[in-house]
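Here are a few notes to read with the model open beside you. Take them one at a time and find each spot as you go.

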Amino acid sequence: MMKVLALLFFVAFAFVQANNDYLEGSKVYTVRPMTKKDQLIVAGLDNIPGVDVWQHASIFGREARILVPKDSLTTFESVLRSSSVQYEVIMEDPKSVIEEEIKQQELARMKRVPGRISFTSYNRHAEINSYLDDLARQYPTRVKVETLGRTVNGRDIKVIKISSDGGNNPNKPIIVSDAGIHAREWIAPANALYMIRKLVEDITESDVANNIDWFIIPLINPDGYEYSHTNTRLWRKTRSTASSTTCPGVDGNRNFDFKWMQSGSSSSPCSDIFAGPTPFSEIETRVLRDLINANKARVKAYLAIHSYGSYFLYPYGYDGSNPSNVAELRSLGVQVGNAIDALAASGSTKYLVGNSAVALNYAAAGASDDWAMGVGGVSLSYTLELPGGGSAGFDLPPSRINQVVRETWGGILVLARYVINKAA
Ligand code: 0X9
Ligand code: ZN
């Protein structure tokens, strides 16, 4: 048995390795813009071919983290040198670092209890969908699971609807949340799964479980997520090929039809921030649009779950302008951030709360949070960027999943209770 397992592991790992080969010879830099002029230069680095901005620099003193492929190293360094922006190589060999982490993740998966959803390893799409279906069977009065759509690679995108009273009470607020639109942000679906657990299997806050109907899509981009497990660890987009077969995929968070393509987006299919051939070209974005539209009068809050950087962000991210209820968004956001910080492990990054374009220091149009507010009419719309970890930030070690999802739940409770009080 061990031999078979070892062989399987070897085969799986060899497969993964082959597909991360594009990282060969690449480097990871931190870049520290100190002035407005520096910021413009750093923002322009995005356009160098193959450059992958893992974390954008922020005016609040956070440095950028950028992966630069071998062929772009000279251009990248010469731009920075000629403009005297401070930078440093923090990873000389990202390929081997990431491969080592993939090995660790696989080991953690081997230790999980089969058939149970795990918070000590990352769950795969099939496991997530069976968990939802199991809950629907076990808790038929509280839980309904619906398939909202099927992806280009034939995977079902499911929503779990959690309600204490059948789900048809017109006066009850709904909170809609999705995770994993960006494939590589593995902690996001894990966090959504923990929310589901706390609202169905392990209810310790019955006010929140009973006074809100929760619509949660724990994995909205299953094709991309699976691809990041089996092939390219840092895959971000969907896997659709309508625009290009050599460069598949659309950035779901640039594909929503609100100020589409107006900022922070690319019209090139090979870019990681490709907005798609048309707005809502992707099934992954249409399912969310349709879910919110179908329940418009009752959806009181929307939460997009991403990673990384410990941010709690409100619209509008397409240009940094503030919606009319910015004071409410901000003060609730600060309370959410504080609640998470209070439960966080010592030494972890404090949450930064703000308008997304301002806090992240880049505008980006076509994102779900802006659409939910601007078109969907949801007045409390947020993007949660969970903490980073691992070498790339997206690969938070499995040993930290538990802590992160628990502390984050503390913040989500604050949001939920605000919604309950407001509706009362
Ligand atoms: O750029 C994004 O899509 C999000 N950050 S991530 O690192 N997870 O990719 C932030 C989206 C913030 N919201 C808007 N720009 N509207
Ligand atoms: Zn994201």
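1. Let's start with a helix. In α10, the buried residues are Glu 328, Leu 329, Leu 332, Gly 333, Val 336, Gly 337, Ala 339, Ile 340 and Asp 341. Keep in mind that this is a predicted model. An α-helix has 3.6 residues a turn, so residues three or four places apart point the same way. Try looking for that spacing in the list of buried residues in α10.

2. How many residues does helix α10 have? It has 18, running from 326 to 343. From first C-alpha to last, α10 reaches 26 Å, close to the 26 Å expected at 1.5 Å a residue.

3. What covers the buried residues of α10? The cover includes the strands β10 (311-314), β11 and β12 (380-386), along with the helices α12 and α13 (401-423).

4. One of those covering strands, β11, spans residues 352-355 and holds Asn 355. Is Asn 355 buried or exposed? Its relative accessibility is 3%, and buried means under 20%, so Asn 355 counts as buried.

5. Stay with Asn 355 and look at its side chain, which makes a polar contact with the side chain of Asn 322 at 3.2 Å. The Asn 355 side chain also reaches the backbone oxygen of Pro 315, at 3.5 Å. Leaving aside neighbours within four places in sequence, the residues in contact with Asn 355 include Tyr 314, Tyr 316, Gly 320 and Ser 321.

6. Now for the ligand. Around ligand 1 there are 16 residues, and the closest are Arg 236, Arg 254, Tyr 362, Asp 369 and Glu 385. By class, that shell has six charged, six polar and four nonpolar residues. Helix α12 (368-374), which we met as cover for α10, supplies at least two residues of the shell, and so do β9 (299-307) and α11 (356-360).

7. Which side chains have an N or O atom close to a ligand atom? For an oxygen of ligand 1, Arg 254 has one at 2.9 Å. For a nitrogen of ligand 1, Asp 369 has one at 2.9 Å, and Ser 356 has one at 3.4 Å from a ligand nitrogen. Taken alone, ligand 1 exposes 420 Å², and the protein buries 96% of that.

8. One last stop: Ser 83, in helix α3 (residues 73-83). At 10% relative accessibility, Ser 83 counts as buried. A polar atom of its side chain lies 2.8 Å from the backbone oxygen of Val 79. Beyond its neighbours within four places in sequence, Ser 83 is in contact with Lys 37 and Ile 41.

Technical notes. Residues numbered from 1 in each chain as written. Chains lettered and ligands numbered in written order. Predicted model: local features only at pLDDT ≥ 70, side-chain atom pairs only at ≥ 80, totals over all residues. Heavy atoms only, no water. Near = heavy atom within 4 Å. Polar contact = N/O pair within 3.5 Å; in protein donor to acceptor, adjacent residues only side chain to side chain. Areas by Shrake-Rupley, 256 points an atom, 1.4 Å probe, with all protein chains shown as cover. Helix = DSSP H or I, 4+ residues; strand = E, 2+ residues; numbered from the N terminus. Nonpolar A, V, L, I, M, F, W, Y, C, P; charged D, E, K, R; others polar. Buried < 20%, exposed > 50% of the residue type's maximum accessible area, 1.4 Å probe, protein only. Contact = heavy atoms within 4.5 Å. Expected span 1.5 Å × (residues − 1).
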